[in-house]
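I opened the notebook today to look at pockets, a ligand site and a few backbone oddities. Here is what I looked up, in the order I went.

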Amino acid sequence: MIEIFKKSPVIPVLTFNDINQALKVSEVLIEQGLHSLEITLRTPDALKCIEAIIKKFPSANVGAGTIVNTNQLKQVKDIGCSFTVSPGFTKKLVNEAKKIDIFYLPGASTPSEIIQLLELDIKFQKFFHARNSGGYKMLQTYANIFPDIQFCPTGGINSNDFTDYLSLNNVVCLGGSWMVSNKDLQDMNYTNIKNSAQLIMRRLRI
Ligand code: 3PG
């Protein structure tokens, strides 16, 4: 999974409750080159939206976020998600993901949480909430303290600082919602979403 994320290292974190909107936004992002998408499970129809995206864009790297219980892991495995993400973790979640064989990216922000995940043999971790937990400077510090751990920072990252995070050797990829604003979703402003994705792709090529 790390190699897949490296190829498309900016992961839009998206919240949908409408299948048509989910398909349209995903199409715009994937067409621009953002092939990894994390869809949160925070709405009643999130699962239906994820299922529709996976069916329509089978080559995209589509995952489910805000996993907080083992039932969700099973549900998203059944509809074909390629990865799952939590803002934190429990041993139960880590074990269940291993048992049902779905890729799980658990969240940590403190040294103790990072070590607890290391004890569970997890060396690729989400760093959440990235900005409020010290931002890329904290990750620079963690590179010295935990040289074997790689991170996917998420939370509070924006168009001005995402390249700072990606320039760190211990950052594989990052997630964020900044490229698809709530206003653009409400207004169905797909041009703005396309422009935002294009800007990211340009910055990634520099
Ligand atoms: C989330 O859980 O919504 C993600 O961490 C995205 O955070 P952001 O909206 O601050 O980018």
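**Entry 1: the second largest pocket.** I began with the second largest pocket, whose volume is about 170 Å³. A reminder to myself: this is a predicted model. I listed the lining next and found V94, A97, K98, I102, F103, Y104, L120, D121, I122, K123 and F124. Which helix gives the largest share of this lining? I found that helix α5, residues 91-100, does so with three residues. Sorted by class, the lining came out as eight nonpolar and three charged residues, with no polar ones.

**Entry 2: the largest pocket.** I then turned to the largest pocket and noted a volume of about 360 Å³. I counted 24 lining residues there, and those nearest the centre are V13, T40, R42, G176 and S177. Strands β1 (10-14) and β2 (36-40), along with helix α9 (182-187), each give the lining at least two residues. By class I wrote down nine nonpolar, 12 polar and three charged residues for this lining.

**Entry 3: the ligand.** Where does the ligand sit? I checked, and the space it takes is the largest pocket. Around the ligand I found V13, R42, F128, T154, G155, G156, G176 and S177. I sorted this shell too: two nonpolar, five polar and one charged.

Next I looked up the polar contacts to oxygen atoms of the ligand. R42 places a polar side-chain atom 2.5 Å from a ligand oxygen. For S177, I again noted a polar side-chain atom, 2.5 Å from an oxygen of the ligand. G156 makes its approach through a backbone N or O atom, 2.7 Å from a ligand oxygen. I also looked up the cover: the ligand taken alone exposes 310 Å², and the protein buries 78% of that.

**Entry 4: backbone oddities.** Most peptide bonds are trans, and most residues other than glycine have a negative phi, so I went looking for exceptions. Which two residues does a cis peptide bond join? I found F128 and H129, with omega at about -10 degrees. F128 had already turned up in my list of residues around the ligand. H129 is in the loop that runs between β7 (124-127) and α7 (135-145).

For positive phi I noted T66, which is not a glycine and has a value near 60 degrees. I placed T66 in the loop between β3 (61-65) and α4 (70-78). D101, also not a glycine, has a positive phi of about 60 degrees. D101 belongs to the loop between α5 and β5 (104-105), and α5 is the helix I met in the lining of the second largest pocket.

Note on methods:
Residues numbered from 1 in each chain as written. Predicted model: local features only at pLDDT ≥ 70, side-chain atom pairs only at ≥ 80, totals over all residues. Heavy atoms only, no water. Near = heavy atom within 4 Å. Polar contact = N/O pair within 3.5 Å; in protein donor to acceptor, adjacent residues only side chain to side chain. Areas by Shrake-Rupley, 256 points an atom, 1.4 Å probe, with all protein chains shown as cover. 1 Å grid on protein atoms, 1.4 Å probe; cavity = no way out; pocket = protein on both sides within 12 Å on 5 of 7 lines; lining within 4 Å. Sits in = over half its atoms within 2 Å of the grid points. Nonpolar A, V, L, I, M, F, W, Y, C, P; charged D, E, K, R; others polar. Points joined across faces, edges and corners; volume = space filled by probe spheres on them. Helix = DSSP H or I, 4+ residues; strand = E, 2+ residues; numbered from the N terminus.
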